[in-house]
Structure formats: structure tokens, C-alpha cells
Amino acid sequence: MKYAYYPGCSLESGSAAYDMSVRAVIEQLGFGLDELDDWNCCGATEYFSQNELVATSVIARNLALVDDQHDQLVAPCAACFLNLKKTDKLMAEQPKIRAKVDQALAAGGLRYQPGRVHVRHLLDVLYTDIGEEAIRAKVVQPLTGLRVAPYYGCQIVRPLNGFDNPEYPMKLDEMFTWLGAEVVDYPVKAHCCGGHMTQISEEHAFELIRRLLQSAADYRADLILCMCPMCQLNMDMYQGRVNNFFNTKFKLPIVYFTQMLGVALGIDMKKLGFGKELVAAEPVIRAKLEGQMAAATK
Amino acid sequence: MVAESHAAHLSQFMKDVIADTPGGQKVVHCLQCGSCGGSCPNGSEMDFTPRAVFAMIAADRRDAVLQANTMWQCVSCYLCTARCPQEIPITEIMYALKRMAIREGKAGGSDAPALAKTFTDFVDRYGRSFEFGIATRYLLFNKPLSMLKMGGAGMSMFAKGRLALTPTKIRQVKQLQAIIDKARELSNED
Amino acid sequence: MAEKIGVYVCHCGSNIAGKVDVEDIAKWAGENLDDVAVSRDYKFMCSSLGQQMIEEDIKKEKLTRVVVGACSPHLHEKTFRRACSNAGMNPYLMDLTNIREHCSWVHKDRAQATEKARALISAAVQRVKYQEPLEPMFVDVNPATLVIGGGIAGLQAALELADAGYHVYLVERMPSIGGHMAQFDKTFPTLDCSACILTPKMSEAGQHENITLLTYAELEEVSGSVGSFKVKIRQKARCVDYDACTGCGICVEKCPRKVLDTEFEAGMGNRKAIYMPFPQAVPRVPVIDQDSCIWFERQKCRACEKLCPTDAIKFDQQDELIDIEVGNIIIATGWKPFDSKKIPQYGYGRLANVYTSMEFERLCNAAGPTNGKIVMRDGKTVPKSIAIVHCVGSRDDRHNPYCSGVCCMASLKFGHLVLEKTDAEVYSFYIDMRTNQKNYEEFYQRLLGEGMRFVRGKVSEVTDAARMPTEQGKLIVQCEDTLIGRQQRYPVDMVILMGALEPQEDARELGLKCGISCSMDGWYTERHPKLDPVATMTDGVFVAGTCQGPKDIPASVAQGAAAAARVAGMITKGRVMIEPIVATINEQACSGCKICNNMCPYNAIEFLEDPGVSRVITALCKGCGTCVAACPAGVITGAHFNNKQIFSEIEGILWDALQPADDSSPQAEPVPASAS
């Protein structure tokens with residue numbers, strides 16, 4: 001079983017911190033993850049809104065590019081994960097769609113046998129394949145005293161994930177208890193961040209973002225853990241405008257779960273992409289963990 | 001699930017929706033319970049809730065549905081799909097309605113089709129999406145005012161190195177375009 | 001001597017004729033099949049005219065065998081056997097082949113359905129030639145009856161039979177009879193006090209001279225068949241001497257170990273380690289819960305033993321197996337509540353003031369943990385608003401597709417109790433209000449008049465995530481009000497989840513022991529859903545109450561009484577006919593290997609030590625054929641299913657293939673017009 005890595009477009013620029021921390025954490029855990037050569041965009045929701053066949057064909061190109069050496073394709077982004085998985089399923093279950101996708105791929109000299117590649121979300125691989133024991137063994141900086149609010153959002157847990165409860169997921173919660181963090185059990189962890197609504201109906205999108213920030217704040221979280229570029233973007237980049245709009249004073253750092261996992265594994269914060277978020281995370285983390293860091297070094 | 005031999009009795013609109021949605025046959029079993037409309041993060045913004053849309057589809061109210069904002073308010077969070085007691089693939093039906101609205105030229109009332117088009121035009125050309133380009137182009141043509149409002153956060157993003165100014169182009173962009181062209185051609189055959 | 005066979009193909013109105021060319025088949029059989037003397041089709045063969053036709057043919061044409069092509073033998077085998085008997089033919093020389101369920105109802109293509117029906121008729125004609133006359137056997141019916149389950153359905157059945165003068169063994173798994181009804185406060189739609197109408201029946205059952213009460217006991221094993229079942233009951237160790245105990249209750253009072261009562265009190269109250277589930281329990285003999293008793297935990301205490309005035313505490317009591325013999329069995333094992341934690345978005349187990357309906361029953365009950373005061377989990381705050389959520393785990397393909405039937409009415413009852421006892425607002429969130437029994441709709445109207453609020457919409461979620469100050473500290477019920485088409489949020493203090501009724505965890509296992517099956521949903525399958533709702537496919541085993549499907553108290557009582565009436569009928573008759581379709585061992589050829597003895601699922605084969613051979617006990621044999629197939633010497637024969645009969649039947653199905661090559665196949669050539 002070998003793992004191919006599909007970073008997705010957001011991780012190239014807007015969510016570089018996610019990509020940096022994924023690579024750093026994977027390396028620290030001694031795990032192999034090979035970037036898929038010449039992958040293309042998964043189309044987010046936008047191709048599916050216009051043309052189902054084009055959507056599936058564009059996505060299927062990525063599945064077809066996975067070589068014989070690899071049978072797992074790992075995506076860190078929620079939309080990429082769902083689109084890749086959904087396309088594999090559509091091809092397997094809808095013969096009419098498959099026949100046409102086959103023809104489209106053939107136009108590019110490619111072919112894909114549905115079911116050959118297992119599409120996985122990064123959290124699932126870390127939780128299930130690498131697992132508790134291996135991760136616990138590598139923790140050098142426990143996150144003791146840090147209150148983290150795991151945020152799952154939508155497409156990682158719905159509708160196809162198969163590795164966690166779609167309504168009340170727990171895997172990220174569990175992982176952060178391995179790291180010693182205080183995990184906040186707040187009710188909106190699988191609610192919607194608004195997706196692209198910020199572009200279409202801004203005020204409503206602000207309200208959706210506010211609900212998440214409000215609930216995490218009500219439960220006295222120090223920061224929110226994300227595992228999707230869109231969620232991070234919405235809660236981080238728009239936090240200031242949400243504050244202006246609602247006259248609130250949220251100051252919640254929104255970080256990728258891999259960044260905090262990296263901290264626990266003792267990786268240098270710069271290598272994890274800290275500092276790219278608009279609501280600064282480093283001071284909050286340092287304030288909570290400094291004491292122990294000092295105690296540990298004594 | 002409605003057997004193929006029974007599909008003849010459905011409204012034309014219902015038949016079309018089922019034909020365009022993988023697993024869509026389940027929609028005939030809608031109980032009108034409203035767990036979709038009650039769950040949707042954007043339910044309060046919709047002209048008609050998904051449940052109401054299904055009733056309208058059954059009643060063949062094609063234009064009223066395809067001109068509504070309902071499907072364009074859908075952000076594909078799949079909460080309705082996960083909760084529907086009849087396991088209707090509601091999110092997929094929303095996608096089908098978006099496609100039908102565009103195809104039939106009825107998607108006038110929302111900015112979402114324009115955003116989708118901007119996005120996929122970039123991918124068609126480069127093979128990757130490109131946040132800065134998409135945002136500026138979309139906003140410039142559709143919401144020039146909000147570009148000003150975004151200015152501050154956009155600048156911060158730029159300063160943090162989170163806005164690339166040039167798109168990444170994949171090596172085999174010709175191959176991707178051949179696939180896309182073929183897929184477009186095939187989908188026009190229906 | 002060649003047989004003279006009559007073939008009768010039924011139209012069943014259009015049920016068969018709509019998809020099968022019955023007239024053509026009848027003609028074809030008359031012209032092509034050997035030994036067929038008469039071949040006819042008829043609109044309704046089961047009608048008295050149809051039966052008369054067969055009877056007259058038997059007499060006039062001197063028929064020796066009859067084949068009927070019609071519906072399932074479950075429906076009309078008896079009818080046609082009787083017709084043959086009436087005309088003086090042995091009924092086992094008739095074969096009913098099913099061309100309705102097997103052909104017309106399941107095939108779309110007319111030609112193919114006809115082809116298959118024709119093959120089945122041909123098979124029956126070939127087989128019937130070799131059928132042998134058999135004589136039915138009779139067994140005496142043991143007048144005692146086993147009733148499993150002491151809820152309202154089982155109680156009713158037991159009392160009906162006992163009052164008629166027949167002995168009943170009433171087995172109940174819990175320490176007291178009474179079932180779920182004992183947990184309720186009021187009953188809809190009359191608002192009778194549940195205990196007031198139930199406890200008289202309980203004490204009557206407890207004292208009835210014809211009822212042997214076996215509580216805290218479970219069914220272990222059943223053997224035998226209708227008329228004479230042998231049953232093993234496991235009497236679980238109560239650790240209390242049943243006869244010595246006077247029910248004074250001092251042991252319960254003095255027991256120092258308190259545990260959460262997850263059964264009778266649904267987790268809302270406590271009980272002791274030695275306990276009677278409720279004050280009116282029958283029998284008034286407590287049990288010791290060995291999992292929580294201090295003595296069993298660390299060999300200390302024995303307070304109950306020291307204080308018992310009659311020395312009734314017996315720590316060393318063991319489970320006991322009791323053998324009983326009965327003629328009939330009534331299963332009335334009831335239901336279990338849905339686990340509301342399976343729907344995490346409703347918050348049960350996470351949000352304190354979300355209740356299950358059983359919890360709320362206890363909360364309302366004057367004998368419950370709060371003496372009937374409706375208060376929140378803190379034990380003192382009276383809620384100002386309550387939401388009742390319908391269809392929790394019902395009408396939901398992810399859990400149970402069926403409607404649980406009673407929740408709408410129970411919700412109305414809760415609404416009434418809340419409005420009567422508090423000033424709270426009550427909201428009912430429903431998909432469809434189902435109030436379709438006597439006086440139910442009137443009760444709905446009454447609650448509308450009393451100010452209960454109704455919102456048509458399945459609840460999407462219950463959350464404590466407040467969006468605005470008015471929601472702070474509340475439970476917010478979010479749903480679409482489908483009648484106005486808007487998403488709404490209702491901040492309330494308390495939420496009640498109306499969970500589905502589900503089959504008991506071990507329903508399939510118990511069914512297997514008694515030889516009956518469950519539907520896909522897990523409810524016991526009745527013999528016929530409309531015409532035989534309390535009988536099962538196993539003679540002598542009946543079902544009553546919710547174990548057969550969700551139902552309310554009146555329906556459960558009616559079924560209990562109906563099952564008792566069926567059993568009483570069998571007892572009065574005194575003996576039952578059993579099919580003579582049994583296995584026989586050729587004792588001359590038997591090697592005494594004993595393989596069949598161990599294989600027989602009914603323990604119907606004994607081994608005779610002296611000649612060293614096996615023999616079938618005909619009264620126990622069910623004719624299943626296991627031994628026939630297992631016998632290495634091939635010396636066991638199954639009556640009505642011997643090799644000759646089965647192979648002929650197969651040859652009949654393959655009639656086309658067995659014709660000489662130059663013969664054109666019949667379905668390729670149109671059947672010539674009338675030749676009979």
C-alpha cells in the first residue's frame with residue numbers, strides 16, 4: 001500500500017501553511033507521501049453546477065494519473081477529497097456515466113478502472129493508518145492546557161466519508177486528546193462555514209461564520225482546528241469583517257490541525273507555516289504552552 | 001424506488017430531474033417532512049426550501065423552480081442528504097437543477113452561475129484554479145463595489161504571501177483540454 | 001394400470017389469466033400429457049362451482065388423480081383436498097401447483113409466464129401419478145398453554161384461557177408482570193390511570209388458580225409440536241425463597257446499595273440491589289440483582305438476610321430448569337424503545353434536558369421519581385416550554401422505515417398532561433398526525449382546543465448553540481415549518497423524543513426456538529396479515545401484541561384475547577390433525593449408524609438398542625427430509641416426497657427437452673383450436 005498525495009490548488013497559495021505542515025508532519029512521522037505528478041484542479045463545486053460529465057472527466061484525470069505503484073490517494077482539502085471519491089463512486093455505480101468518462105479520458109490517452117484507487121482524507125490516514133500508538137510515541141511537546149475546538153465542516157464527513165459520524169464526528173477530537181490538548185466539545189463542529197457564499201451573499205455568509213466563532217468562543221476555545229482551506233479562509237480572512245459587521249470582538253486563531261500536530265511533534269513553528277494566518281496564532285499558543293516548555297527544559 | 005416501468009406516470013419535470021441525477025429516483029418518496037429545509041445553513045435565504053421544490057417538481061412547475069434561487073443557495077454541505085429520512089440525494093438534485101437552469105437559460109437571479117463560469121474558465125485554461133484571478137475577475141465583472149470592501153483583507157492576504165498573482169499551469173494542459181472538449185461534446189449528444 | 005388424471009387450471013379472475021394463457025395451457029395438457037383424461041380452465045376454481053366441477057368429474061370420469069394449477073397451497077390446498085375427499089378420492093392424490101405467486105404475479109412477459117406455468121402443470125401431472133394415498137394422523141391436544149411475556153397482551157391471553165378453565169404457564173423475564181403499561185401514567189385517549197386499569201389484571205393473574213406464574217424466568221428450549229410441546233424454562237435465581245417470602249419489603253428498605261434503575265424507571269430513578277420494580281409488583285417477591293449486590297461483589301453485608309423475618313433470603317440459590325408440557329404457545333414478548341443516541345443531532349445523552357418518551361412517562365407518573373411533578377434534570381425547575389419531537393427513529397430509512405403507530409397519540413397525551421400540570425407551552429413537531437382509531441381524532445381536537453401548538457415539520461436538530469440573546473440557556477429546536485415553508489427556531493426548556501417501538505433484541509432467537517420467523521423489520525410474521533393475524537406458520541404457536549408489530553393497548557388486548565380464543569378452540573376440539581407427511585425407516589435395511597438420530601432437528605428419531613436400528617417417532621416428525629438426505633444407506637423415505645415423485649416432477653418440468661427430436665416444441669406452434 002503506497003500513498004499518493006493530491007494537495008489541491010488552494011494548498012499552492014492561499015493555504016500554503018496547510019501544505020507545509022502536512023509535509024513536515026508526514027516527514028516527522030516517517031511516512032511516505034508522493035505528490036501526484038501534474039495533477040489538475042478538482043473543480044470544487046463549480047463544474048458539477050454546470051456539466052456533470054465535464055466535472056467527472058476533469059476529476060477522473062487525476063485518478064487515472066495515479067500510477068501502479070500507488071493505490072491510495074490522499075487529499076487534505078474537503079472539496080478535493082469529496083470530488084475524487086464521488087467520481088470514483090459515480091464511475092463504479094453509473095454505467096452510463098462511466099462509458100462517457102472512459103471516452104473523454106481516452107481523448108487524453110488515459111484510462112481509469114473505478115475502485116483501483118482508494119481516495120482518503122488526510123485525517124483518516126493519520127488516525128487510522130498511522131494511528132494512536134505511533135503518534136503518541138512521537139509527541140515531544142504535549143498541548144496540555146491548550147483548549148482546541150476541532151472543526152470538521154461539511155464535505156469531509158458528509159456524505160461519503162465512511163470513517164466518522166456525519167453529524168457528530170469525533171476522530172479529530174480523539175486525535176487531539178492523544179496530543180494532550182483540552183478538546184472543546186462544541187455543538188457546531190460539523191456545521192457549514194458558508195463555502196463560496198462570501199462571494200454571493202456576503203451578509204448571510206458572515207452570519208454563518210459568526211455562528212461558528214460564537215460557539216467556539218462560548219466554549220472558551222483558544223483556537224479552532226481546521227482541515228479544509230475554505231473553512232480556514234472563511235473564518236480567518238473574514239473574521240475582521242465579521243467583527244465589524246456584528247460589532248463583535250472575536251480574536252480566534254484558525255489553524256490547520258496539521259500545524260498543531262506539528263507543534264506537538266516538536267517541529268519548528270516556521271516550518272509549519274505559522275504566521276500566514278491573519279489572526280495570529282503563535283502568541284496564543286506560546287502563552288499557553290510556554291510554561292511547560294520551560295518546565296520541560298529544566 | 002420508482003420502477004422504470006412506473007416512471008411514465010410522473011410529471012415531465014420529475015422525469016427530467018430523475019434522468020439528470022444519479023440515484024434521483026428516490027425523490028418520489030419525499031415525505032414532505034422538511035428535515036432538508038430545516039437543516040440547510042442557507043434555508044432561510046431560499047425562495048423555496050428543497051422540500052417545497054420537490055413538491056413543485058411533482059406538480060410540474062418548471063419555470064418557478066428553475067428561476068428560483070434555491071439551488072444557487074446550496075453550498076453542497078450535504079447536511080440535508082445526511083439527514084433525509086428517505087435517503088434522497090438532495091444535494092445532487094440541487095446540482096441537477098443548477099445545470100438545468102443554466103441549460104434552459106433561466107438562471108438569471110443569482111451571481112453563482114457567473115462565479116462558477118469564471119472558476120471553470122480558469123481551470124479550462126490552466127488546469128489549476130487561481131484564487132486571485134478568480135476573485136478579481138468575478139468581482140470586477142459582477143460586484144465592483146465589494147472589491148473595494150475586500151481590499152483590506154485582500155491586501156493582508158497578499159502581504160502574508162497567500163495570494164498568488166500568477167496562475168500555475170499544469171504541463172499536460174493540452175491533454176486536459178482534449179478530455180474536457182470530448183466530455184463537452186459527449187454531453188451535448190443527449 | 002394407467003391413471004386417469006384431471007387437470008384444472010384457474011384464472012383467479014385476472015390474477016392468473018391476466019398474465020398467463022390459462023385456456024391454452026388447459027388445452028395443451030389435455031392433448032399432450034399422457035394419462036390426462038380431463039383438462040379444464042375455470043374463472044375461480046376455489047368457488048363452490050369450481051369445486052363441484054372437480055367432484056363431478058371424479059365421479060363421472062372415474063378420475064384417479066387430480067392436478068390443480070392455481071394459487072399457493074397455503075391458501076387453498078385444504079379446499080381442493082376436501083373436494084377430492086367429498087368425491088371419494090384420497091386427498092393426498094391431489095397436487096396443487098402454484099401458477100399465481102410463481103408465474104403471473106412475478107413475471108412481466110406473458111409468453112414467459114405462460115411457458116413457466118405450463119412447465120409447472122406438466123411437473124404436477126408427472127408427479128401426481130406416483131403420489132400415494134395417505135391417512136391423516138391425529139394427536140391429542142394438551143390443554144395447558146404457555147404464554148411468553150407478561151405485558152398487557154400476554155396477561156389478557158392468560159386470563160382469557162384461565163377463566164375458561166384451562167391451565168396457563170405465564171413466563172415473564174422481568175421480576176414482575178405488567179410490561180411497559182405498568183410504567184405509564186395515563187393512557188390515551190380516555191386518560192384512564194394506567195396502573196388503575198392494569199393492576200387488577202395483574203393481581204388476578206397472580207392469584208388465579210389456573211395460572212402458574214413464572215417471573216424472572218426465560219424460555220430455554222422448545223421441542224415437540226402442536227398439541228404436545230415440551231418446554232424448558234430457565235427460572236433465574238432470585239436469591240429469595242419464593243414460598244417463604246411474605247413481601248413485607250424490609251429487605252428492600254434496609255439494603256444499603258442504591259443503583260440506577262434503567263429498566264422500570266428508565267434511568268430516572270434508583271432502586272436497591274434487592275428490589276421489586278414497583279409497589280404493585282406481582283409477585284410481591286423481590287429479587288437480588290447479583291451484579292450490584294454488595295455480598296456478591298465483596299462477600300460483605302447480608303443486611304437483608306439478617307433482617308428477613310422469614311429467612312427467605314437464599315444467596316446460594318441457583319438458576320433452575322423447569323420442564324413443562326403444553327399443547328399451545330402464545331408469544332407476547334412486546335417491544336423495546338429505540339436508542340435515541342443513534343440520532344446525535346437530537347442531543348440525547350449530551351444535552352441534559354432532552355428526554356426519551358419513556359423517561360417522560362416516569363416523570364409524569366404520580367408513582368414516579370418526582371411524584372408526577374414535571375421538572376427538569378436539576379430536580380426543581382418547572383419548564384416553561386416543552387417540545388415534543390415525533391418520528392424519532394420511525395419513518396426513517398436510516399433506522400426504521402415503519403410508522404410506530406402510537407407516538408402521535410402518546411404526544412397528545414403528554415401535551416395534555418403538561419398543560420394540566422404546568423403553565424408551559426407545548427409544541428408538537430410532527431410529519432403527519434395519525435389518529436385513526438375510535439375517539440383518537442376527537443382527542444386531537446381536544447388538544448387543539450387546549451392550546452397545544454402544532455408545527456408540521458420533522459425536527460432537524462436540537463442544539464444549545466444560541467444565535468441570539470433570547471436563545472441563551474435554552475434548547476433550540478430547529479425545523480422547517482412546512483406549512484409556511486420557512487426555517488424556524490424554537491427555544492424551549494425541555495425536549496421529549498418520541499422514540500420508535502422496536503422488536504426485542506432477542507426476538508429472532510426466541511422465534512427460532514419456537515419455529516417462527518420475523519419480517520425484515522424484526523417483528524414476528526403472522527400466518528396471514530389480514531385473515532390470520534395471531535396464528536403463525538407453525539401450528540400451535542400464536543403471537544399477540546407488539547411482538548407482531550407496533551400497536552397500542554386496545555389492539556394488544558384484542559390480539560391477546562384473539563390468540564386465547566384460537567387456543568381455546570383447539571383445546572375444546574381435543575385433538576388436532578397432523579399431516580401424514582413423515583419419514584419412515586426401512587428397519588430391515590438400517591445399519592444402525594445413528595447419523596439420522598443426531599441430525600433430526602425435532603428429536604423425532606429414537607434408536608432401538610435391541611435390534612440396533614433407528615425408528616421415527618411419527619408424532620414428532622415434521623417431514624422436513626433432513627434424515628432422508630442424510631441416510632448413507634438411502635433407506636429412509638419421506639412420505640409424499642419420495643425419490644420417484646421428485647424425479648418425475650423434474651422430468652415433467654423438462655417435458656420439452658424429453659420429447660423426440662422431430663417433435664416441434666409446443667410453444668413455437670400455436671395450439672390448435674378445441675380438440676377436447
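**Exercise 1.** In this predicted model, state in which helix C:Ile650 lies, and decide whether C:Ile650 is buried, partly exposed or exposed.

Solution.
Step 1. Helix H18 of chain C holds C:Ile650.
Step 2. The relative accessible area of C:Ile650 is 40%. Partly exposed covers values between 20% and 50%, so C:Ile650 is partly exposed.
Step 3. C:Ile650 belongs to a nonpolar surface patch of about 650 Å², along with C:Phe641, C:Ile646, C:Phe647, C:Ile653, C:Leu654 and C:Leu658.
Step 4. Helix H18, residues 643-653 of chain C, gives the patch its largest share, 4 residues.

**Exercise 2.** Find how many disulfides there are over all chains, and describe the link between C:Cys193 and C:Cys196.

Solution.
Step 1. The sulfur atoms of C:Cys193 and C:Cys196 are 2.4 Å apart. The cut-off is 2.5 Å, and the pair forms a disulfide.
Step 2. The count over all chains is 1 disulfide.
Step 3. The angle about the S-S bond is 85°, and the link of C:Cys193 and C:Cys196 is right-handed.
Step 4. C:Cys193 has a relative accessible area of 24%, so this residue is partly exposed.

**Exercise 3.** Explain why C:Cys391 has no bond to C:Cys408, and give the disulfide status of B:Cys84.

Solution.
Step 1. B:Cys84 is in no disulfide, since the nearest cysteine sulfur, in B:Cys33, is 6.3 Å away. With a relative accessible area of 7%, B:Cys84 is buried.
Step 2. For C:Cys391, the closest cysteine sulfur is that of C:Cys408, at 6.3 Å, which is too far for a bond.
Step 3. C:Cys391 is buried, because its relative accessible area is 9%.

Note on methods
Residues numbered from 1 in each chain as written. Chains lettered and ligands numbered in written order. Predicted model: local features only at pLDDT ≥ 70, side-chain atom pairs only at ≥ 80, totals over all residues. Heavy atoms only, no water. Patch = residues over 30% accessible without salt bridge, like charges linked within 9 Å, V, L, I, M, F, W, Y side chains within 5 Å. Areas by Shrake-Rupley, 256 points an atom, 1.4 Å probe, with all protein chains shown as cover. Salt bridge = Lys/Arg side-chain N within 4 Å of Asp/Glu carboxyl O. Helix = DSSP H or I, 4+ residues; strand = E, 2+ residues; numbered from the N terminus. Buried < 20%, exposed > 50% of the residue type's maximum accessible area, 1.4 Å probe, protein only.
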